[in-house]
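Colleague: I'm new to this one, could you walk me through it? I'll ask short questions as we go.

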Amino acid sequence: MNNKIKSAIAPVAIGIFTALAFVFGAKYGERRVMIEEGLSQTTTNKCTGEEDAISIKKMSDILYYVSRNYVDTVDMKDLVDRVIPKLTETLDPHTAYIKAEDLQITNDELASSFFGIGVQFNLRNDTINVVQVISGGPSEKAGLRAGDKIIAVDDSSFVGSKLNNEIVVKTLRGPKDTKVKLGIKRAGVPETIDYVVTRGEVAQETVDAFYMADKITGYVKIDRFGEKTHAEFYEALIKLHEEGAERFIVDLRNNGGGFLPVAGEMLNYLLEEGDTIVYTCGRGETRENPGEVIMSDRDPIVFAPIVVLINENSASASEIFAGAVQDNDRGVIVGCRSFGKGLVQQQIPISGGAALRLTIARYYTPSGRCVQKYYGKDYDYRAETAHRYEHGEMTNVDSMKKAAMKDSVVFKTCKLGRTVYGGGGILPDVLVPVDTNMSVFAKKVLLSDLVYDFSYIYLDTHKSEVEAYKKSGDYKTTYKNLMQNRVYNEFLEYAKKEKNLVPSYGDVEDTASGTQQKIMRLLVAYLIRSIHGSDDHHQRPFYWAYNLDDNAFREALKAFDSDVMKQITDRK
């Protein structure tokens with residue numbers, strides 16, 4: 001990645017994702033956008049056409065003669081595994097070859113459970129940092145804690161620049177009841193602690209959190225659309241309704257997608273019977289003669305105002321969800337223009353236990369929009385969202401409108417005839433710029449490990465205080481007690497000691513109070529997550545704390561009183 005792209009990404013990371021990047025551990029980065037809709041196992045169809053047959057025979061002939069006659073011995077498996085990705089990348093950005101050894105991990109990403117040690121982690125400074133120990137999982141039973149660093153596996157060093165998420169996942173996951181020995185570095189303990197963890201079934205929650213944002217607003221955060229997300233979503237809606245929710249915020253920010261049928265089932269809970277959810281067009285199919293049409297087949301379980309939060313990393317199934325809500329005039333979309341992934345993949349088993357994830361169709365929102373953004377030869381498809389920042393789309397509402405509407409096609413919503421735009425992502429009804437107004441000190445801090453590392457040091461140096469917070473179970477009181485100058489001053493001392501960083505309150509970009517607010521927002525959310533963990537509403541304590549000072553979240557609350565929402569509610 002060149003320096004220009006890096007410089008564009010950095011402020012975006014500060015503005016939106018500084019905390020979220022660490023919350024869930026291995027979130028797979030760019031790979032998460034590759035978890036596509038429409039996945040299903042199928043058998044391959046035989047190719048037809050004489051020219052196609054000749055072309056396929058050419059490829060087979062080349063591999064045969066290399067295998068039989070090449071001067072040196074060739075590892076044909078390795079050769080094919082290197083050649084096929086080169087072939088698939090010439091088609092579109094989302095057709096992909098999945099090697100046999102990677103297939104299980106890929107499928108696990110959307111499964112409701114897998115076999116492993118039961119931690120959420122991230123890689124920082126070439127070291128595995130345990131973000132959260134899953135309640136009731138194998139690691140919790142063995143004694144691991146949030147904040148631990150895994151530095152050895154089975155008596156071998158497991159740190160360094162060669163580590164990546166895939167290597168870590170492959171190493172820590174494994175068959176049920178197998179054992180793995182972990183060497184743990186823990187804050188305040190000088191020696192390495194060894195734990196033997198017996199791998200077991202680990203449930204994956206895809207609804208990260210749900211809670212009452214105020215007396216009448218229910219909030220639901222969805223990480224991805226997995227096998228059982230619709231059941232988790234249903235539970236969240238019902239519980240929040242029982243707790244008094246009269247309206248709902250559905251947060252799909254940074255949700256890279258998942259199973260299309262699951263998104264459809266979730267929309268069944270919100271849309272009216274007969275509403276179109278999505279339709280697809282494959283080769284030779286048209287809007288008038290589509291391949292598949294998914295429609296709501298029942299009335300909603302709760303007919304309440306809906307606001308959907310999206311950003312530039314909301315992709316595929318997230319865009320189907322947001323597009324269906326917007327096109328059916330069912331709710332208001334808030335945030336930044338979504339990623340722009342409108343291609344449907346089918347996962348096809350191939351020889352040797354591998355799979356081909358092949359693009360077979362485009363999907364369209366109910367109004368007829370294909371949200372797939374442009375891709376083509378010599379175009380940096382993955383860096384396109386960084387270019388949005390460079391061009392001002394993500395920092396200024398007027399620029400956001402101009403950039404998103406450039407070369408867009410106008411469509412009309414299905415019931416009110418409101419104007420919506422196609423041509424690359426879902427354009428929200430309410431645009432929310434990224435907050436990049438930060439002091440130099442705040443930028444340096446939030447792009448470092450300082451806040452993350454200090455949160456665990458604070459837990460270790462304030463044990464009696466932390467134990468009192470845990471015993472009370474009241475994360476709101478914990479938040480109030482931690483959001484204090486004394487905590488921030490301790491952090492400033494730590495930043496100076498570790499990185500020789502000190503604030504310069506003469507910075508024109510920000511005020512002293514603004515710098516403190518941005519840093520403390522992240523720090524206190526970390527602390528609350530470590531102290532209170534999760535509850536019966538999943539990771540409610542963390543999201544409640546982090547959202548309190550989130551601009552997009554505040555705009556979502558305001559959107560219930562917007563003119564667009566009034567049009568929607570008046571229709572009823």
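Colleague: What is the order of strands in the open sheet of six strands?
Modeller: The order is β10-β11-β12-β15-β16-β21, and the pairing in this open sheet is mixed. Its edge strands are β10 (207-212) and β21 (430-431), each of which pairs on one side only. Helices (H or I, at least four residues) and strands (E, at least two) are DSSP runs, numbered from the N terminus, and two strands pair if DSSP finds at least two bridges between them.

Colleague: And where do these coordinates come from?
Modeller: This is a predicted model, in which local features need pLDDT of at least 70 and side-chain atom pairs count only at pLDDT 80 or more, while totals for chains, interfaces and linings use all residues. Residues are numbered from 1 along each chain as its sequence is written, and side-chain values use heavy atoms, with hydrogens and water left out.

Colleague: Back to the sheet: in which sense do β16 and β21 pair?
Modeller: Strand β16 (residues 331-335) pairs with β21 in the parallel sense, over two bridges, and V334 has V430 in β21 as its bridge partner. Helix α10 (residues 317-327) packs on the sheet, where it touches β12 (247-251), β15 (306-310) and β16, and its direction makes about 135 degrees with that of β16. Contact here means heavy atoms within 4.5 Å; axes are lines fitted to C-alpha atoms, for helices over the stretch in contact, and angles run from 0 to 180 degrees between N-to-C directions.

Colleague: Changing topic, at what angle do α5 and α7 pack?
Modeller: Helix α5 (residues 100-108) and helix α7 (residues 165-172) pack at about 85 degrees, with their axes 11 Å apart. That makes α5 roughly perpendicular to α7, a term used for angles of 65 to 115 degrees.

Colleague: Which residues meet there?
Modeller: From α5 there are E101, D102 and I105, and they meet E166, V169 and K170 in α7. By class, this contact has two nonpolar, no polar and four charged residues, where Ala, Val, Leu, Ile, Met, Phe, Trp, Tyr, Cys and Pro count as nonpolar, Asp, Glu, Lys and Arg as charged, and the others, Gly among them, as polar.

Colleague: What about backbone oddities, say the phi of D155?
Modeller: Most residues other than glycine have a negative phi. D155, however, has a positive phi of about 70 degrees although it is not a glycine, and it lies in the loop between β5 (149-153) and β6 (156-157). H538 also has a positive phi, near 65 degrees, and its place is in the loop between α18 (512-532) and α19 (540-547).

Colleague: Is each of those buried or exposed?
Modeller: D155 counts as exposed, at 62% relative accessibility, whereas H538 is buried, with a relative accessible area of 7%. Buried means under 20% relative accessible area, exposed over 50%, and partly exposed in between (1.4 Å probe, protein chains only).

Colleague: And Y234, where is that?
Modeller: Y234 sits in helix α8 (residues 229-242) and is partly exposed, with a relative accessible area of 37%. Leaving aside neighbours within four places in sequence, Y234 is in contact with Y269 and I301. The C-alpha atoms of Y234 and E265, which are 31 residues apart along the chain, are separated by 9.7 Å.

Colleague: Last one: how many helices and strands are in the protein?
Modeller: There are 21 helices and 21 strands, and of the 572 residues of the protein, 52% count as buried.

Methods:
Angles under 35 degrees count as roughly parallel, over 145 as roughly antiparallel, 65 to 115 as roughly perpendicular and the rest as oblique.
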